Amino acid sequence: MKKLLGKRLAFITLMILVLIFAGCSSKNGDKNDHNSNEENYSNAVKFTITGIEPGAGITVTTEEALESYDNLHGWTLEQSSTTAMASELDRAMKNEEPIIITGWNPHWTFAKYPDMKYLKDPKGVYGEEEVIKTLARKGLKDDKPNAFKLIDQFNWEVEDMEKIMLESHETGDDISESAKRWVEDNPKKIAEWTEGVDDVDGEEIELASTQWDSELSSTYVVAEVLEQKGFEVTVTPVDLAVMYEAVANGDADATLAVWMPITTKEFYDKYEDDFDDLGVNLEGAKIGLVVPDYMDIESIEDLEPVK
């Protein structure tokens, strides 16, 4: 009886050890698979760059990058929406999976995930640092001098814009609501923008913007400040080409959403003689291909070509 019991205990012990070994092997296997994905990131992302809307400045520039870099020939730019791109990024970061996105900042993703990096761009397709500029229609300075002065004095930081976008994303509130709260919390900056600006009584002004959250953030912030000075403000989100055309034709009074010198250069050059350039309202903007820090890759040229 004792021998039989001893054999059973030995058998049970053996099975436990087998299960423990199998579990360890499985974990090591997962770890090895993860390392393998890091080393073969191009295969892991299926030679796909996760992008945003067709026609967006960064989409057009990335299409140029696919042509400019020999190792990107055959790669696919997945074009959908900014929301879909952010959703894919959330999923990948949660699971520490490889992903390559068309990224830009200011954007809430950089506030939420500071451990991301731009891939080096040796060919300079994406340019260096970008700025965001303010454009006004011809004649705005004479027609509505107080609106012109306030818009001309508007400038802020990347962190300001990203704070609004992240709050909107996390709360589900519209960008306009997050922008109002930001204005309430930053009276010192508002005082700088409104210095020398007189109150008006219901004077109408229309601001055109792209539909990106970054540009809507600045547009709704300025709209809120203008309304506090007595203006009746209309914010019109449109496609990039329509935004430029509206200001150039005088259908909109101004825009705060002009990325230069790369992202919107095509439209800037086309309408350059038909608007007033009020200069930079934000410095330190950037566009390019972005990956999580846990991906062992530093440059666009490190990406493997399609075989």
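**Figure 1. The second largest pocket draws on β1 and α4.** In this predicted model, β1 (48-50) and α4 each supply at least two residues of the lining of the second largest pocket. The volume of this pocket is about 260 Å³. Its lining consists of A44, V45, K46, T48, T50, E78, E88, R91, E97, P98, I99 and I100. By class, five of these residues are nonpolar, two are polar and five are charged.

**Figure 2. K46 and E96 both have positive phi.** K46 sits in the loop between α2 (41-44) and β1. Its phi is positive, about 55°, although K46 is not a glycine. K46 counts as exposed, because its relative accessibility is 67% and exposed means over 50%. K46 is also one of the residues that line the second largest pocket. E96 belongs to the loop between α4 and β3. Phi of E96 is near 50°, again a positive value in a residue other than glycine. E96 is partly exposed, with a relative accessible area of 41%.

**Figure 3. P98 lies in the loop between α4 and β3 (101-105).** Is P98 buried or exposed? P98 is buried, because its relative accessible area is 17% and buried means under 20%. Y294 is 196 residues away from P98 along the chain, yet their C-alpha atoms are separated by 8.3 Å. P98 also helps to line the second largest pocket.

**Figure 4. The largest pocket has a volume of about 450 Å³.** Its lining has 22 residues, and E53, S81, T82, Q211 and W212 are the closest to its centre. Two elements give two or more residues to this lining: α4 (82-95) and α12 (240-249). The largest share, five residues, comes from α4. Nine of the lining residues are nonpolar, nine are polar and four are charged.

**Figure 5. One cavity reaches 30 Å³ or more.** The largest cavity holds about 60 Å³ of space. Which residues line the largest cavity? They are I52, I58, W104, W212, W259, T263 and I287. Six of the lining residues are nonpolar, one is polar and none is charged. W212 lines this cavity, and W212 is also among the residues closest to the centre of the largest pocket.

**Figure 6. The largest nonpolar core has 78 residues.** Nonpolar side chains tend to be buried together in soluble globular proteins. In this core, W75, I100, W156, L207 and L226 touch the most other members. Strand β9 (residues 275-292) gives the most to this core, with seven residues. There is also a second, separate core of 18 residues, which includes A208, M243, A248 and A252. Around W75, the contacts beyond four places in sequence are S42, V45, F47, T48, I49, L66, I100, L303, E304, P305 and V306.

**Figure 7. Helix α11 (residues 213-228) is mostly covered.** Of its 16 residues, 12 are buried. These are S214, E215, L216, S217, S218, T219, V221, V222, A223, E224, V225 and L226. The end C-alpha atoms of α11 are 22 Å apart, which agrees with the 22 Å that 16 residues should span at 1.5 Å a residue. After the helix comes G230, with a positive phi near 100°.

**Figure 8. Helix α8 (residues 158-171) has 14 residues.** From first C-alpha to last, α8 reaches 20 Å, close to the 20 Å expected at 1.5 Å a residue. Its buried residues are V158, D160, M161, E162, I164, M165, L166 and S168. Residues three or four places apart in an α-helix point the same way, because there are 3.6 residues a turn. Just after α8, G172 has a positive phi of about 85°.

**Figure 9. K144 occupies the loop between α6 (140-143) and α7 (145-153).** K144 is buried, with a relative accessible area of 16%. Beyond its neighbours within four places in sequence, K144 is in contact with R137, E203, E204, I205 and D253.

**Figure 10. Cis peptide bonds precede P106 and P261.** One cis bond joins N105 and P106, with omega about 20°. P106 is in the loop between β3 and α5 (108-112). Another cis bond joins M260 and P261, where omega is about 10°. P261 is in the loop between β8 (254-260) and α13 (265-271).

Technical notes:
Residues are numbered from 1 along each chain as its sequence is written. This is a predicted model: local features need pLDDT of at least 70, side-chain atom pairs count only at pLDDT 80 or more; totals for chains, interfaces and linings use all residues. Side-chain values use heavy atoms; hydrogens and water are left out. Helices (H or I, at least four residues) and strands (E, at least two) are DSSP runs, numbered from the N terminus. The expected span of a helix is 1.5 Å times one less than its number of residues. Buried means under 20% relative accessible area, exposed over 50%, partly exposed in between (1.4 Å probe, protein chains only). On a 1 Å grid over the protein atoms alone, a cavity is a set of points where a 1.4 Å probe fits but cannot get out, and a pocket is an open set with protein on both sides within 12 Å along at least five of seven lines; lining residues have an atom within 4 Å of a point. Grid points are joined across faces, edges and corners, and a volume is the space filled by probe spheres set on the points. Ala, Val, Leu, Ile, Met, Phe, Trp, Tyr, Cys and Pro count as nonpolar, Asp, Glu, Lys and Arg as charged, and the others, Gly among them, as polar. A nonpolar core is a set of buried Ala, Val, Leu, Ile, Met, Phe, Trp, Tyr and Cys residues joined through side-chain atoms within 4.5 Å. Contact means heavy atoms within 4.5 Å.
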